[in-house]
Amino acid sequence: MPDKSLERVAVTGKIVDARWLERKFSNKFEVFEMNHSEAASCPESVASLRALIGNGASAAEIDNYPSLEIIAQFGVGYENVDVAYAAERGIVVTNTPGVLSDETADTAMALLLNAVREYPRAEAYMRAGKWRNEGDYPLTPGTLRGRKAGIFGLGRIGKAVATRLTAFGIPVSYCGRSRQADVNYPHFERLVDLAHSVDTLIAAAPGGDATRHAVNAEVLTALGPNGVFVNIGRGTVLDESALIAALSTGAIMAAGLDVYDREPDINPKLFSLTNACLLPHVGSASVATRRAMADLAASNVVSWIEEGKALTPVAETAHLAVRSGS
Ligand code: 8YV
């Protein structure tokens, strides 16, 4: 029986392990699993909810919850939360920075290796019995040896990718909002200039209007015919039609994608390209990492309820991280 004195917390959207969350925080709050449309159709059941753990909330969805004080986004990206509107209503928004950086950076390296050395295709070749019947899998034109990498978006995930590339012997440079004092990698202000100076571009940039279609035909062409593009951040950062054209014409060699413009609806043309290695947005998708994300989201809620302090507020609502009077 749930303890009636416990706070009820709305859990919406794709939280991979809501049951685990419920067990782990059972003495802290009561999970109220639902989706935003249920909230809209049943206003009395959500009228008193102060906290929401979820993935995305538009202004209209936020308005379903008149008593809302905190939105704990399940993920590091939060372009699908209307933070400006949340701030206007005095609602603090938190995300899950740090806990998924290594897992996501590992996925970027897997995409890079798979795109360049064709490991998924080589495995499919073997499973089809072709090794025995037709001979060795062809030598790959691509190699990581001698590559130069550029990272678009040197946040926590970008930095974890840079560490891995450096360990692989690949020099790194980057393009981001500003030059960062804690790294020595060369910085480029313009993405196209970065692309001209490397042959491997890895996007780990946030989504939203500021980065929409930043990786366009000009940027891709600048990578050259040996070029490889990997996207581990947000699908909206890439002009997908430009990538499809670049892969089809050989303007670049290969690509590895984990994120898409309108996922999970994928442009079918991508499926027909053998030089595209495609994953279904699994960058952070291990049980351990998704639990660490759920843990951090829920800890933000607990800290807010118990102490009036959000642990990892997003920049736009940092001024709301401490409840007035706390
Ligand atoms: C998850 C992500 O896929 O953190 C993010 O921004 O995109 C991923 O880690 C997502 O948040 C889980 O739904």
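In this predicted model, the ligand is surrounded by ten residues drawn from several parts of the chain: K14, N55, F74, G75, V76, G77, L100, H281, G283 and S284. By class, the shell around the ligand holds six polar residues, three nonpolar ones and one charged residue. One member of this shell, H281, deserves a second look for its backbone. Although H281 is not a glycine, its phi is positive, at about 45 degrees. The residue sits in the loop that links β12 (276-278) to α14 (287-307). H281 counts as partly exposed because 16 other C-beta atoms lie within 10 Å, a number that falls between the limit of 12 or fewer for exposed residues and that of 20 or more for buried ones.

Stepping back to the whole fold, the protein chain contains 14 helices and twelve strands. Along the principal axes, its C-alpha atoms fill a box of roughly 70 × 45 × 35 Å. The radius of gyration is 22 Å, and this agrees with a compact globule, since a value near 20 Å would be expected for 326 residues. Buried residues account for 42% of the 326 residues in the chain. Contacts across the sequence tell a related part of the story: of those between residues at least 6 apart, 63% join residues at least 24 apart.

Among the strands, five form an open sheet, with parallel pairing and the order β2-β1-β3-β4-β5. Its edges are β2 (29-33) and β5 (92-94), each of which pairs on one side only. On average, and ignoring direction, neighbouring strands of this sheet are turned by 25 degrees against each other. Strands of a sheet pair through backbone hydrogen bonds, in either a parallel or an antiparallel manner. Here, strand β1 (residues 7-11) runs parallel to β2, and five bridges join the two. Within this pair, V11 stands opposite E33 in β2.

Two further backbone features are worth pointing out. Most residues other than glycine have a negative phi, and most peptide bonds are trans. Against that background, E118 is not a glycine, yet its phi is positive, at about 60 degrees. This residue is found in the loop between α6 (101-117) and α7 (119-127). E118 is buried, because 22 other C-beta atoms lie within 10 Å and the cut-off for burial is 20 or more. The second feature is a cis peptide bond, which runs from E263 to P264 and has an omega near 5 degrees. P264 has its place in the loop between β11 (254-257) and α13 (268-271).

Finally, V161 offers a handy view of how distant parts of the sequence meet. The residue lies in helix α9 (residues 156-167). V161 counts as buried because it has 30 C-beta neighbours inside 10 Å, where 20 or more are needed. Leaving aside residues up to four places away in sequence, V161 touches A105, A108, I151, I202 and A204. The C-alpha atoms of V161 and T107 are separated by 9.2 Å, although these two residues are 54 residues apart along the chain.

Technical notes:
Residues are numbered from 1 along each chain as its sequence is written. This is a predicted model: local features need pLDDT of at least 70, side-chain atom pairs count only at pLDDT 80 or more; totals for chains, interfaces and linings use all residues. A residue is near a molecule or strand if its C-beta atom, placed from the backbone, lies within 6 Å of it. Ala, Val, Leu, Ile, Met, Phe, Trp, Tyr, Cys and Pro count as nonpolar, Asp, Glu, Lys and Arg as charged, and the others, Gly among them, as polar. Helices (H or I, at least four residues) and strands (E, at least two) are DSSP runs, numbered from the N terminus. The radius of gyration is taken over C-alpha atoms; the globule rule is 2.2 Å times the number of residues to the power 0.38. Two residues are in contact if their C-beta atoms, placed from the backbone, lie within 7 Å. Two strands pair if DSSP finds at least two bridges between them. Axes are lines fitted to C-alpha atoms, for helices over the stretch in contact, and angles run from 0 to 180 degrees between N-to-C directions.
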